[in-house]
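Trainee: I've got a fold open on my screen and I'd like to talk it through. Can we go step by step?

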Amino acid sequence: MVEIPDSLRSVFSATVRQRDEKYVVEVPSREIAHDAVSPGATYRVAVFESPVTTEDGERNPRSSDRSQRTSHSPEPPVEEGEIRDVTIETVGDQGDGIAKVERGYVVIVPDAQPGDEPTIEIEQVQQNVAFASIVDPDPRTL
């Protein structure tokens, strides 16, 4: 299980591109807009296995070679639109609640606090994290 630190600010997918003599990871503009990252600042970056295809649908030969040597990452245990009850375990740096479901998979829930047990709707699913909204708050907190 991957331990998610409280200092987690953002999770997104990106392609490494060569630019002159350097390699660049492009940060989506939404990460800047949501104050997850700031231009010119320095951040730690984690690298996870990527899917076999790139954003433009072409095969990524490096990922393909690696996937033949290692086991394929399982599908996320949640689906977009799914409604479920969770327990908020901690709060991240951005103030969002963090719940863990099957296999330690992380679900980020805004406006939730540790110990809350809300009913949520999964809104966005990525390979290693999902984002959800509260559809029914924990009745103990009303």
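What follows is a chat about this predicted model, going from the overall fold to single residues.

Trainee: Let's start broad. How many helices and strands are in the protein chain?

Mentor: Read from the N terminus, the elements go β-β-α-α-β-β-β-β-β-β. Tallied up, that's two helices and eight strands.

Trainee: And what share of the residues in the protein chain is buried?

Mentor: The accessible surface comes to about 10,100 Å², with 49% of that belonging to carbon and sulfur atoms. For burial, you take the 142 residues of the chain and ask which ones fall under 20% relative accessible area. The buried share is 25%.

Trainee: Now E6. Which residues point one way from this strand, and which the other way?

Mentor: In a regular strand, side chains alternate between the two faces of the sheet. Strand E6 covers residues 106–109, and all four of them are buried. One way you get Val106 and Ile108; the other way, Val107 and Val109.

Trainee: Which strand pairs with E6 in the antiparallel sense, and which in the parallel sense?

Mentor: On the antiparallel side there are four bridges to E5, residues 97–100, and one of the bridge pairs is glycine 97 with valine 109. The parallel pairing has three bridges and involves residues 129–136, with isoleucine 108 bridged to phenylalanine 131. So by the rule that two bridges make a pair, both count: antiparallel is E5, parallel is E8.

Trainee: Which residue in the turn of the E5 and E6 hairpin has a positive phi?

Mentor: The hairpin leaves five residues between the two strands. One residue in that turn has a phi of about 60 degrees, and that's arginine 103.

Trainee: Where else does a residue other than glycine have a positive phi?

Mentor: One case sits in the loop between E1 (16–19) and E2 (22–25); its phi is near 60 degrees, and at 69% relative accessibility it counts as exposed. Another sits in the loop between E6 and E7, with a phi of about 65 degrees and 72% relative accessibility. The two are aspartate 20 and aspartate 111.

Trainee: Back inside, then. Which residues touch the most other members of the largest nonpolar core?

Mentor: Nonpolar side chains in soluble globular proteins tend to be buried together. Here the largest such core has 13 residues, and E6, E7 and E8 each supply at least two of them. Apart from it lies another core, of five residues, Val11 and Ile98 among them. In the largest core, the residues you want are Val107, Val109, Ile120 and Ile122.

Trainee: Take valine 107. Which residues is it in contact with, leaving aside neighbours within four places in sequence?

Mentor: Two of its contacts, Ile120 and Ile122, are also on that list of core residues. The full set is Gly97, Ile98, Ala99, Val101, Ile120, Ile122, Ala130 and Ala132.

Trainee: Last one: is threonine 119 buried or exposed?

Mentor: Threonine 119 is found in strand E7, residues 119–125. Leaving aside neighbours within four places, it has contacts with Ile83, Arg84, Asp85, Ser133, Ile134, Val135 and Asp136. Its relative accessible area is 17%, and the cut-off is under 20%, so threonine 119 is buried.

Conventions:
Residues are numbered from 1 along each chain as its sequence is written. This is a predicted model: local features need pLDDT of at least 70, side-chain atom pairs count only at pLDDT 80 or more; totals for chains, interfaces and linings use all residues. Side-chain values use heavy atoms; hydrogens and water are left out. Buried means under 20% relative accessible area, exposed over 50%, partly exposed in between (1.4 Å probe, protein chains only). Accessible areas come from the Shrake-Rupley method with a 1.4 Å probe; for residues, only the protein chains shown count as cover. Contact means heavy atoms within 4.5 Å. A nonpolar core is a set of buried Ala, Val, Leu, Ile, Met, Phe, Trp, Tyr and Cys residues joined through side-chain atoms within 4.5 Å.
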